[in-house]
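Me: I'm new to protein structures and could use a patient guide. Could you pick out one part of this one, look at it closely, and then show me how the rest fits around the story?

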Amino acid sequence: MPAIVVLGAQWGDEGKGKATDLLATTDPIDFVVRTSGGHNAGHTIVINGEKYATHLLPSGILTRGATSVIAGGVVVSPEALFRELDGLVARGVEVADLKVSANAHVIASYHATIDKVTERFLGKNQIGTTGRGIGPAYADKINRVGVRIADLFDEKILTQKVEAALDVRNHLLTKVYNRRAIEVDVVVEELLSYAERLQPMVCDTSLLLNQALDAAQTVLFEGAQATMLDVDHGTYPFVTSSNPVAGGVCVGAGVGPTRIDRVIGVIKAYTTRVGAGPFPTELFDEDGVQLQKLGGEIGVSTGRTRRCGWYDAVVARYASRVNGLTEFFLTKLDILGAWDRIPVCVAYEIDGKRVEEMPMTQTEFHHAKPVYEYFDGWRSDISGCRSFEDLPANAQAYVRALEEISGAKIWGVGVGPGREQTVVVHG
């Protein structure tokens, strides 16, 4: 049975939860795994008209029979984890089968404090962080002063690690940001308060997942954020602090690349972005406002309005290349039913030259102007379509055109928010 990766092929918010949920309902899925990021992610799943949002938890938490896993590459806020779990339980969702890696790093309260004051300090050079401590937690991890989940079960080690982390952080807070120092004992007490509830969930998730694959079980690796937010391959510095590309899945989960069978890139039929950073096809006119309104483009985790633009095939080809995509899952095709003509960015113009691949430098990407081709719209509601043949001819032509210029086949198409509102193109 396969190991399947589902990840974002743009700047996030593509509908990865829908793709994950669809896979889990069409074939039996034994494990659904988050491998990077923190509770700055957001997935929305609509089941029988009920809308659910997950942030730190894999969206597979809603799939009966599947074990949800938070792997070692994730940074975990215990407070956010339990708040999300309790919210689902209150709505009648069974969440008993959850595993958390002992190696996952902890987001403590001081990480969020540092995140927020640093972003304010940057002023006009702000990155657009969510302020939830994800970046500082990853920074501590790289600086080797991080606290891991396993440390919460040894008070002596936990205290030593919090002291080491706050030694530098408190100098920064008091001498640069003119803030009060954070007390070690207060942080330790807070983190220890989560230990008893966490302990039954904690295990060696790398061993668990490799044993599952050895036993021919199906493992679905669910991406957070997206390709263009990858710290190495995205629009740096306007990126997240981890590697949400396919290679990062292997690192974060502790499985080798030879175990992966499918890599599915989720991509919208147009493009959105939250936060600062370059965005060549961004719209500042009525079309942008309409995309935002019809698409309900509000961030699941942050509540921030998403910037909107037309489909960018340069970004799609780049995502296909750096992830080794086997296929795309195209979402929100139904939103485009309001247009007579639909522009698609097929290349960029940079300093008078046509460029068909991702520019090498940040400067070039900032200066990139979209080169558009135009496709006839279908001016109809396609939310009731359940097969590719049900789609209007112009909608079929649009999908085929995107497939031709994006670097991988399109496996399926979302035509509405519901689980059942999906069209399979290549079965």
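Reply: Let's begin with a word we'll need a lot: a residue is called buried when its relative accessible area is under 20%, exposed when that area is over 50%, and partly exposed in between. Keep in mind, too, that this is a predicted model.

With that word in hand, try it on helix 4, which covers residues 134-142. Ile-134, Pro-136, Ala-137, Tyr-138 and Asp-140 are its buried residues. Just after helix 4 comes Arg-144, with a positive phi near 65°. That's worth a second glance, since most residues other than glycine have a negative phi.

Now for the part I'd like to look at closely: helix 9, residues 246-253. Six of its eight residues are buried, so helix 9 is largely enclosed by the rest of the structure. The six are Ala-246, Gly-248, Val-249, Cys-250, Gly-252 and Ala-253. What do they pack against? Their partners are strand 1 (3-8), helix 8 (205-214), strand 10 (219-222), strand 11 and helix 11 (313-323). Look at those residue numbers: the partners come from quite separate places along the chain.

What comes right after helix 9, and what is its phi? Helix 9 is followed by Gly-254, and the phi there is positive, near 75°. On the other side, the loop that leads from strand 10 to helix 9 holds Pro-237. The peptide bond joining Tyr-236 to Pro-237 is cis, with an omega near 10°. To see why I'd point that out, remember that most peptide bonds are trans.

From here we can follow the partners of helix 9 outwards. Take strand 11, which runs over residues 262-268 and includes Ile-267. Is Ile-267 buried or exposed? Its relative accessibility is 1%, and the cut-off is 20%, so Ile-267 counts as buried. If we skip the neighbours within four places in sequence, Ile-267 is in contact with Ala-9, Gln-10, Glu-14, Tyr-311, Ala-316, Phe-328, Phe-329, Leu-330 and Thr-331. One of these, Ala-316, has a number that falls inside helix 11, another of the partners of helix 9. You can also use Ile-267 to get a feel for distances: Gly-223 is 44 residues away from Ile-267 in sequence, and the two C-alpha atoms are 13 Å apart in space.

Strand 1 is another partner of helix 9. After strand 1, in the loop that runs to helix 1 (16-26), you'll find Asp-13. Asp-13 isn't a glycine, but its phi is positive, near 65°. With a relative accessible area of 21%, Asp-13 is partly exposed.

Then there's strand 10, whose last residue, Glu-222, leads us to Pro-58. Pro-58 sits in the loop between strand 4 (50-54) and strand 5 (67-70). Leaving out residues up to four places away in sequence, Pro-58 touches Val-32, Arg-34, Ser-68, Val-69, Ile-70 and Glu-222. Its relative accessible area is 0%, so Pro-58 is buried.

For a contrast with helix 9, try a pair of helices. The axes of helix 5 (residues 155-175) and helix 6 (residues 184-192) come within 10 Å and cross at roughly 135°. That angle makes helix 5 oblique to helix 6, and the crossing is right-handed. On the helix 5 side the contact involves Glu-155, Leu-158, Thr-159, Val-162, Glu-163 and Leu-166, while helix 6 brings Val-184, Val-187, Val-188, Leu-191 and Leu-192. Of the residues in this contact, eight are nonpolar, one is polar and two are charged. Notice the spacing of the numbers: an α-helix has 3.6 residues a turn, so residues three or four places apart point the same way. The loop between the two helices holds Asn-178. Asn-178 has a positive phi of about 55°, and at 69% relative accessibility it counts as exposed.

Finally, step back to the whole protein. It has 13 helices and 20 strands. The radius of gyration is 22 Å, close to the 22 Å that the globule rule gives for 427 residues, so the protein is as compact as a globular protein of that length. Buried residues make up 56% of the 427. And among contacts with a separation of 6 or more, 75% are between residues 24 or more positions apart.

Technical notes
Residues numbered from 1 in each chain as written. Predicted model: local features only at pLDDT ≥ 70, side-chain atom pairs only at ≥ 80, totals over all residues. Heavy atoms only, no water. Axes fitted to C-alpha atoms, helices over the stretch in contact; angles between N-to-C directions. Helix = DSSP H or I, 4+ residues; strand = E, 2+ residues; numbered from the N terminus. Parallel < 35°, antiparallel > 145°, perpendicular 65-115°, else oblique. Left-handed = near helix turned anticlockwise from the far one by under 90°. Contact = heavy atoms within 4.5 Å. Nonpolar A, V, L, I, M, F, W, Y, C, P; charged D, E, K, R; others polar. Rg over C-alpha atoms; globule rule 2.2 N^0.38 Å. Buried < 20%, exposed > 50% of the residue type's maximum accessible area, 1.4 Å probe, protein only.
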